[in-house]
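Open the model in your viewer, colour it by secondary structure, and keep the selection box handy. We'll start with the whole chain and then go element by element.

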Amino acid sequence: MLGAAVAESLVDQRRVQDAYRSIWYGARLWPLLHPGQREAYFNFYANPDQLTYCLDVSRRWGKTTLAAVLAFECALTRKNAVLVYAAPTADDARDIIEPIFREVLETCPEELRPNEKFGRWNFPSTGSLLRVVGLDKTPNKPRGSALDFAVIDECGFIRDPEYVLNDVLEPQTLNRPWARIILASTPARSPGHPWSKNMVPSHKIKGPAAYIHGTIYDNPFVPEKKIQELQAKHPPESSTWRREYLAQHVIDMTSAIIPEWPLVRDKCLTENYTPPSHRTLYVGMDPGWDDLTVVLFAYWDFLGQRLVVEDELAMKGANALTLATSIRDKEALLWGAQKPFLRVSDVEKRLVWDLQERGVQFTFAEKEGKEDALAVLRAEIGAGRIVVHPRCKVLVETLDSGVWHVTKAGEKTTFERFEALGHCDAIDALLYLRRAVVPSINPYPPMQQNPDLWLARQPTSEFNAVYDAFRG
């Protein structure tokens, strides 16, 4: 019986080996994928005219495995094909991507298996070359003269994935109508990142021909026990669980600049705040050139003890004349002849001087103790004491999406930079603005000194009765 069992086992092993040889020689590797990956695989091949395909998926879904399978199929079916697999960093390429490559290739027959050396995978059967590169030193690392297949992995963690796609990779696919590009990532830490803001929506609108969404639940190889362990560590309502394992594009609350904002957004983002009859006007500016120059126009509601941001200007590369004209026009539109009590700006001496010569005077904002001032700003936002009008689009988006730049050591050193939001300049402008407010200033005129005139203005008969009693 033992000999028969061994013989039967050997037969089964040969059948498995023959099946794998058939899969690899046919260069159709879909049996290596789980059902969620297979759905994306078949949609990818069903739409050959679609240059880019978007994998908007969670951790542990298997995006790198799928991307590797598609890359290997191209390398095994096209003579002298040129392929690029781009990762956020060289360390990611070496420590994450290439080990998955080796895992996928475990079942590959020796004669088809690529030779690997210094991130270059040469396929001897076709002469194809797959380069694995990191983008941390330069986004131009994937440049070349021609390209048949490419992957940008973890787009949400690359500083400018749109540049890599549009300026580096796409031009290499000209005159290669068969070329394809895979874009893959879990959601970025901020919804303001180009992956979450532009790349995913532009593919999602095209449907299955260009897009798939996947969660940890779509990978049957992840044990239920492991999912329960993750849920115990990350509650289902947490941003970590929603972003990393459900692939929802929500801000990472641990790195959000103003984590209190989502809690009060529905109440404090409104156009229905009634302006008081008397108010103190303020203007706050954070100037920039490569980044944005953001100017916020606000008033302090003395009775309500709230700062109300009514409008904004957001410009890139604006000179002093354009800026001065725009500020005067905006103040006239909002406030008519009433002038702001104070305008404050970051310390940009030349610009402030040029604006002053054009009749728009700013004082320098307080810069010391920024961490303490930011803590106060967060507390006031959390208490609902800062109201924002919806027309302040850049400010609102920055409050929604602004995150800290976190170093590898976990330190929050500066605000993250985004193409549309600059260096989160609107938050700095709001910070300067709030620090400049003098809450104790009462904008209401004092009561009349003559008691006869004052009492006579009261509409109730009760006041008149008291007044008559004292007159005798």
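Helices and strands on this tour are DSSP runs numbered from the N terminus: H or I over at least four residues for a helix, E over at least two for a strand. By that reckoning the protein has 16 helices and 16 strands. Its radius of gyration (taken over C-alpha atoms) is 31 Å, while the globule rule, 2.2 Å times the number of residues to the power 0.38, gives 23 Å for 472 residues, so the protein is more spread out than a compact globule.

Two notes before you click further. This is a predicted model, in which local features need pLDDT of at least 70 and side-chain atom pairs count only at pLDDT 80 or more, while totals for chains, interfaces and linings use all residues. Residues are numbered from 1 along each chain as its sequence is written, and side-chain values use heavy atoms, with hydrogens and water left out.

**The whole chain**

Turn the C-alpha trace along its principal axes and you'll see a span of about 125 × 55 × 40 Å. Of the 472 residues, 49% count as buried, meaning under 20% relative accessible area; exposed is over 50%, and partly exposed lies in between (1.4 Å probe, protein chains only). Next, contacts, which are heavy atoms within 4.5 Å: among those between residues at least 6 apart in sequence, 69% join residues at least 24 apart.

**Stop 1: the eight-stranded sheet**

Select strands 1 to 8. They form an open sheet in the order 3-4-5-2-6-7-1-8, with mixed pairing; two strands pair if DSSP finds at least two bridges between them. Strand 3 (115-117) and strand 8 are at the edges with a single partner strand each, so one side of each has no neighbour in the sheet. From one strand to the next, the twist averages 15 degrees.

Zoom in on strand 4 (residues 120-123) and strand 5 (residues 128-134), which run antiparallel and are joined by four bridges. Look for Trp121, which stands opposite Leu130 in strand 5. Now add helix 4 (residues 90-104): this helix packs on the sheet, touching strand 2 (82-87), strand 3, strand 4, strand 5 and strand 6, and its direction makes about 140 degrees with that of strand 5. Such angles run from 0 to 180 degrees between N-to-C directions, with axes fitted to C-alpha atoms, for helices over the stretch in contact. Then show helix 6 (residues 194-204), lying across strand 1, strand 7 and strand 8 at about 115 degrees to strand 1.

**Stop 2: helix 2**

Select residues 35-46. Which residues of helix 2 are buried? They are Gly36, Gln37, Ala40, Tyr41 and Phe44. These cover an arc of only 140 degrees around the axis, which puts them on the same side of helix 2; the arc is that of the directions from the helix axis to the C-beta atoms. An α-helix has 3.6 residues a turn, so residues three or four places apart point the same way. Flip to the other side of helix 2 and you'll find Pro35 and Ala46 exposed. The buried residues pack against strand 1 (52-57), helix 3 (63-77), strand 6 (149-153), strand 7 (180-185) and strand 8 (211-214).

**Stop 3: strand 10 and its sheet**

Move on to residues 293-301, strand 10, where nine of the nine residues are buried. Both faces are covered: Thr293, Val295, Phe297, Tyr299 and Asp301 on one side, Val294, Leu296, Ala298 and Trp300 on the other.

Bring in the neighbours. Strand 9 (residues 280-286) pairs antiparallel with strand 10 over seven bridges, and the two form a hairpin with six residues between them. Strand 11 (residues 306-315) is also antiparallel to strand 10, with nine bridges. Trp300 is a handy landmark: it is the bridge partner of Thr280, and it stands opposite Leu307 in strand 11. In the hairpin of strand 10 and strand 11, with four residues between the strands, check Gln305 for its positive phi near 50 degrees.

Zoom out to the six-stranded open sheet, ordered 13-12-9-10-11-14 with mixed pairing. Its edge strands are strand 13 (363-364) and strand 14 (386-388), each pairing on one side only.

**Last stop: helix 13**

Select residues 393-401. Helix 13 lies across strand 10, strand 11 and strand 14, at about 105 degrees to strand 11. Its buried residues are Val394, Leu395, Val396, Thr398, Leu399 and Ser401. Their cover includes helix 9 (261-268), helix 12 (370-382) and helix 14 (425-436).
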